[in-house]
Amino acid sequence: MHPVDTNQVDLRYKFPGMSYSNTHTSSTAVDSHTSSIPVPVYRHAAPSGPWPWVDFKTDLSSFEQPFRKGEHEWRRYPQERFVNWSPIPVARSKILTQCAHTGVKPCVIYSIDVTGDGQFKKRGQGLYRVEVSEEKENEFWSQLEEEESIVRKNVRVRALFVDNLSESVLKILGTKYNIEPFFFSSSTNWIPSRYQEGVRHGVGDHITVILPFIQTIEKKNRTSNLSDTKQNERKNHIDVMAPLNLHGDHILLIDLLAVHMIRDKNSSTIITHHSAQRDRTTAECLYQVVERAGGSAYWNKIFVASEDPTFFFLVILWYALYTWDETFEVLYNSIKDLEVILNAYDFTAMADLNHCLHSLAAHLLHYETLLHDFEKSVKFVMETPNPAMEESDNRDTAEELLRRECKNLLSEIDRLRRRCSMLLGRLKNATDLAYATVNIEDSRQTHKLTMATLRDSAAMKLISYLSMVFLPASLTASVFGMNVREIAPGTLETITRYVWVTLSLTCAMAWVVVALQPYTTIHEPGATMWRRAAWPAYFLSRKINECSKSFWTKGKKISPQENDISLGPIRRRGGHFSTLMFDDVMFEEDAIGG
């Protein structure tokens with residue numbers, strides 16, 4: 001029976017004073033429905049940060065039980081090797097809780113060796129692929145102990161590709177190779193990082209690279225046939241961390257290379273950690289890719305000419321570059337298909353294309369940052385020489401070859417970045433084309449509406465002309481139909497009273513209409529209701545004043561002296577006075593005592 005692992009104990013019972021909000025879990029958890037990866041928490045990416053996964057608001061006041069080293073062997077990793085990795089940061093980083101359960105699927109480790117003469121050698125039967133179930137944990141630990149007790153003969157590099165990483169295997173590897181827990185926390189939480197630690201001049205060091213990159217997969221029925229509800233939810237926002245469903249037969253998703261290398265003058269070890277997310281690069285896939293690289297004549301010459309195991313690291317980085325190149329090929333074809341749809345003036349698909357274009361642009365901007373991380377990772381490898389090669393006779397040759405191959409890789413990354421910029425430019429051009437197409441169609445519809453309005457105006461004009469023809473006859477009929485004394489003798493009303501009543505009502509209606517309109521040139525700005533009611537008096541007085549001013553201005557002669565408008569003396573510094581005259585635009589200065 002194994003002792004109880006205190007790292008598995010529920011921290012809410014062990015530290016009741018701590019707060020465990022959902023913010024910590026949601027920020028680092030992978031969405032199982034959309035395969036969206038968490039947003040990277042860069043402050044916890046490397047061991048240079050002195051507070052691994054610490055929340056200053058709660059952890060500083062919490063109490064942790066004292067820990068005694070040397071009593072738990074590998075079962076109390078990481079605190080057994082790294083004391084500051086107490087149960088609190090371990091729980092928050094999820095390096096143990098995100099591990100696979102060996103009861104469901106065992107952990108599988110693929111391995112391959114690079115011999116001293118630079119040849120890639122598949123390990124013997126039962127060693128190149130090892131399954132570590134819950135019952136074989138102690139056996140796996142004993143096997144590693146036995147291998148380390150015997151010096152590896154003629155093995156320059158041993159690579160371990162770990163798939164379905166379990167908690168026990170994580171602790172065994174971390175303890176055996178003294179791996180910083182940041183390697184597991186960064187790979188578990190998809191945090192790009194690169195760092196060197198454990199430097200021993202003439203002996204070796206540890207280097208780590210966590211590199212996200214883009215993987216291309218073909219659509220399947222379960223991913224391509226989305227329901228209408230999911231499509232509507234997807235269009236409400238653009239998540240660059242989620243897979244990009246392209247117009248066509250491909251999906252782009254973020255993959256991860258998590259590589260830790262222990263460089264040693266006797267024999268080096270490389271450990272890769274692979275995500276358990278579906279459609280990502282598996283340990284078996286990377287193992288087959290690296291094994292195939294051993295048959296390359298070009299790289300075989302490099303491994304023969306140099307003893308530096310870092311070239312094995314570069315081979316793994318080349319795999320990421322291949323996937324990037326395939327990604328941009330798919331993106332090129334997808335954008336080309338979108339341009340074909342836009343040129344077909346299919347306005348029924350314009351709403352979907354609008355979201356598609358903006359989603360592509362957002363993902364391409366994110367891909368630029370990932371390429372920048374790729375570039376920094378290659379530069380890190382190039383600028384971090386192997387301390388184990390300091391006393392080697394092959395040092396100069398190894399450094400020259402490493403610098404050359406890193407520059408080749410950087411040149412390819414620069415090509416990818418320029419291609420990404422080109423695709424962004426084409427995407428912007430396609431977006432402008434979509435807007436221009438919509439504007440042209442709007443202008444066409446507006447032109448149709450304008451022509452219809454002109455036709456209606458012509459019809460109304462014809463009606464007005466007809467009214468003008470019949471207006472005199474209607475007026476004559478109305479006048480001769482009036483019951484007034486002058487036309488129909490014996491009636492009581494007269495034409496004079498008719499004219500008087502008509503003019504009175506017309507003036508009253510005009511007064512009411514003008515008074516109720518606040519925005520007119522007759523009223524002054526901001527006039528009140530009572531002032532607007534008395535508008536005839538104000539309007540007449542204003543017109544009389546304007547006429548009188550105009551009359552007096554024309555009859556007055558202006559002398560030349562009156563053209564000089566003085567702004568008065570202006571006080572200046574030092575007791576000076578200045579007078580500005582507009583006639584000759586001169587400054588006349590009068591200085592006291594000057």
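What follows walks through a predicted model of the protein, from its overall make-up down to a few local features.

Taken as a whole, the protein has a mean pLDDT of 79, with 80% of its residues at 70 or more. Two stretches call for some caution. Residues 1–30 stay under 50 in pLDDT, and the model gives them 49 contacts beyond four places in sequence. Residues 558–594 also stay under 50, with 39 contacts beyond four places in sequence. Anything read off the model in those two stretches rests on pLDDT values under 50.

As for the general build, the protein has 17 helices and 12 strands. Of its 594 residues, 41% are buried. Looking at contacts with a separation of 6 or more, 73% are between residues 24 or more positions apart. The accessible surface adds up to about 34,600 Å², and carbon and sulfur atoms hold 57% of that.

Helix H5, spanning residues 167–176, is a good place to look at burial. Nine of its 10 residues are buried, so the rest of the structure largely encloses this helix. The buried set takes in Val-169, Leu-170, Ile-172 and Leu-173, but it also includes Glu-167 and Lys-171, along with Ser-168, Gly-174 and Thr-175. After H5 comes Asn-178, with a positive phi near 55 degrees.

Next comes a pair of packed helices. Such a pair is described by the angle between the two axes and the distance separating them. For H9 (residues 283–293) and H11 (residues 310–343), the angle is about 115 degrees and the axes lie 10 Å apart. The crossing of H9 past H11 is right-handed. On the H9 side, the contact is made by Cys-285, Leu-286, Val-289, Val-290 and Ala-293, while H11 brings in Phe-312, Val-315, Ile-316 and Tyr-319. Sorted by type, the residues of this contact come out as nine nonpolar, with no polar and no charged ones.

A last stop is Asp-396, which sits in helix H13 (residues 395–480). With a relative accessibility of 58%, Asp-396 is over the 50% cut-off and therefore counts as exposed. Asp-396 can also be placed relative to Ser-306: the two are 90 residues apart along the chain, yet their C-alpha atoms are separated by 9.4 Å. The local picture thus takes in a helix with nine of 10 residues buried, a helix pair whose contact has nine nonpolar residues, and an exposed aspartate in H13.

Technical notes: Residues numbered from 1 in each chain as written. Predicted model: local features only at pLDDT ≥ 70, side-chain atom pairs only at ≥ 80, totals over all residues. Heavy atoms only, no water. pLDDT = per-residue confidence, 0-100. Contact = heavy atoms within 4.5 Å. Axes fitted to C-alpha atoms, helices over the stretch in contact; angles between N-to-C directions. Helix = DSSP H or I, 4+ residues; strand = E, 2+ residues; numbered from the N terminus. Left-handed = near helix turned anticlockwise from the far one by under 90°. Nonpolar A, V, L, I, M, F, W, Y, C, P; charged D, E, K, R; others polar. Buried < 20%, exposed > 50% of the residue type's maximum accessible area, 1.4 Å probe, protein only. Areas by Shrake-Rupley, 256 points an atom, 1.4 Å probe, with all protein chains shown as cover.
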